[in-house]
Amino acid sequence: IDTKTTLVRDGNTSHYSVNFKSTDQLAVFGGSSSPNRFVISGEVSDYSAVAFEGSIESGFEGSPVALYPFSEEASYENGKIKTVLPYSQNAVKNDFSLESNLSTGICVPDSEAPGRFSLELRNVCSIVKFTLPGSVSVSRVELKSNGGEPLSGNIEITPGDEPSFTVIDGKDYVELVGSGMKSASYYIPVLPCTLEKGFSIKLYCEGLDRPFAEISSNRSVTLKRSVILNLGTLNCSNEGGFAGSGTDEDPYIITSYTQLQRMHSLINEGKDLDQDDSFKSGITQKKYKEASYYLACDIDCDHNNVGIGWDLESGCVRFQGHFDGGGHCISNYILNSQDDPSLGIFRYVQGAKIENLVASPYWIRTCDNNFRNLGVKQIGFIVGHIYSDVPEDVTEITNCKVIRDGDISLLNESNCLA
């Protein structure tokens with residue numbers, strides 16, 4: 001067989017050939033409705049063209065029909081192959097999974113070598129390609145048709161130069177699952193069709209049952225057989241705002257330093273990042289300082305300052321919500337006094353719950369360039385100062401740790417707490 005599959009990029013005449021892998025197997029039908037397993041034979045140095053070896057029913061005369069990949073459940077009857085395009089597919093970096101990209105072909109007998117056949121596989125599916133950035137680790141990507149058109153499921157394929165199919169029992173979505181999807185391109189084989197009302201994509205991370213980002217288009221798009229639709233790099237961070245509603249069941253999801261700064265601005269100043277400095281709302285502060293948050297990925301602060309909460313003569317703001325770090329790390333942050341006597345990712349907390357967070361600070365500043373103390377009294381790499389005005393104001397800090405290489409020099413007037 002020469003080349004496992006050839007794909008065309010939508011809007012581009014360039015062809016992309018996909019070579020075989022040593023684990024590839026074919027289902028070959030010859031003489032019965034059940035598939036015969038064919039595997040790659042011999043030593044192979046170039047997987048662009050390989051030989052498959054297997055056996056079909058004795059006495060069969062005609063042209064066997066092949067299906068890639070092999071499926072024990074596939075069957076062949078009345079010129080049609082019954083098989084399934086899985087709705088759940090395994091993620092493979094810069095490739096599609098073994099079980100997903102359906103292709104078929106009709107074997108042509110070799111007149112000079114009895115018992116041998118040549119075969120050209122033809123794609124059944126369309127391919128949707130997308131790229132994930134390196135900022136967020138994704139565990140599941142769901143692609144769904146807005147108009148209910150089937151993208152996966154049980155089908156009947158009619159083999160030929162232009163294979164066609166009929167949907168027996170279809171699903172209007174397909175998902176790609178895998179641990180730690182990021183910094184790469186991924187491919188999802190889907191059933192060719194026209195999505196009259198467009199499509200939507202939901203991105204999930206480990207530890208959450210709800211998506212942390214959603215992308216939707218209501219424009220009609222045609223998914224063509226053997227053609228790649230490239231969606232480009234997906235926006236995983238929702239930089240303009242949080243996903244979620246701020247409850248324990250549906251927390252605000254933090255996926256970038258920009259969102260961490262948005263959390264800081266809403267709690268400390270009662271305003272969003274793009275609002276005028278003159279705006280200050282106690283209602284906004286109360287809403288966000290008592291909300292629940294979930295850290296969906298590691299965040300590199302790139303040597304920028306953090307510090308949620310403040311306590312000055314003009315008043316105070318204390319974080320009183322729930323922050324679940326999800327086992328992720330906030331790193332390379334600076335703790336800078338800025339005229340506040342307490343330093344920490346959370347400067348001031350009261351009745352808060354902080355858990356599953358890893359902290360790795362870059363630098364802590366407690367004095368000016370002349371080594372004069374700036375008034376810092378409490379330093380905590382995660383929490384600076386815990387208030388407890390009444391017995392019910394218990395702050396819980398569990399399963400958190402600090403990773404720090406090197407020394408931190410502090411003036412004697414400063415108290416350091418991890």
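A residue is taken as buried when its relative accessible area is under 20%. By that cut-off Tyr 252 in this predicted model is buried, because its relative accessible area is 6%. Tyr 252 belongs to strand β25, which covers residues 252-254. Along the chain, Tyr 252 and Ala 296 are 44 residues apart, and their C-alpha atoms are separated by 9.9 Å.

Strand β14 offers a good place to continue. The strand runs over residues 126-132, and 7 of its 7 residues are buried, so β14 is largely enclosed by the rest of the structure. In a regular strand, side chains alternate between the two faces of the sheet. In β14, Ser 126, Val 128, Phe 130 and Leu 132 point one way, while Ile 127, Lys 129 and Thr 131 point the other way. Both sets are buried, the lysine included.

Two neighbouring strands can be followed from here. With strand β19 (residues 184-190), β14 pairs in the antiparallel sense, over 7 bridges. Within that pairing, Phe 130 has Tyr 186 of β19 as its bridge partner. With strand β24 (residues 227-233), β14 runs parallel, and 4 bridges join the two. Here Thr 131 of β14 has Thr 233 of β24 as its bridge partner.

Helix α1 spans residues 257-268. Its 12 residues reach 16 Å from the first C-alpha to the last, close to the 16 Å expected at 1.5 Å a residue. The helix is mostly covered, with 10 of its 12 residues buried. Among them are the nonpolar residues Leu 260, Met 263, Leu 266 and Ile 267, but Gln 259, Arg 262, His 264, Ser 265 and Asn 268 are buried too. Just after α1, Gly 270 takes a positive phi of about 65°.

Attention now turns to open space in the model. The largest pocket has a volume of about 490 Å³. Its lining is made up of 21 residues, and those closest to the centre of the pocket are Phe 38, Phe 52, Gly 115, Arg 116 and Phe 117. The elements that contribute two or more residues to this lining are β3 (25-29), β5 (52-53) and β12 (117-118). By character, the lining divides into 13 nonpolar, 5 polar and 3 charged residues.

Several backbone details are worth a look on the structure. The peptide bond from Tyr 68 to Pro 69 is cis, with omega near -5°. Pro 69 sits in the loop between β6 (65-68) and β7 (75-77). Asn 94, although not a glycine, has a positive phi of about 55°. Its place is in the loop between β9 (88-90) and β10 (103-106), and Asn 94 counts as exposed because its relative accessibility is 52%. His 303 is also not a glycine and has a positive phi of about 65°. This histidine lies in strand β27 (residues 299-305) and is partly exposed, with a relative accessible area of 36%.

The cysteines complete the survey. A disulfide is a covalent bond between the sulfur atoms of two cysteines. With a cut-off of 2.5 Å between the sulfur atoms, the count comes to 0 disulfides. Cys 107 counts as buried because its relative accessibility is 7%. Cys 193 is likewise buried, with a relative accessible area of 16%.

Technical notes
Residues numbered from 1 in each chain as written. Predicted model: local features only at pLDDT ≥ 70, side-chain atom pairs only at ≥ 80, totals over all residues. Heavy atoms only, no water. Buried < 20%, exposed > 50% of the residue type's maximum accessible area, 1.4 Å probe, protein only. Expected span 1.5 Å × (residues − 1). 1 Å grid on protein atoms, 1.4 Å probe; cavity = no way out; pocket = protein on both sides within 12 Å on 5 of 7 lines; lining within 4 Å. Points joined across faces, edges and corners; volume = space filled by probe spheres on them. Pairing = 2+ DSSP bridges.
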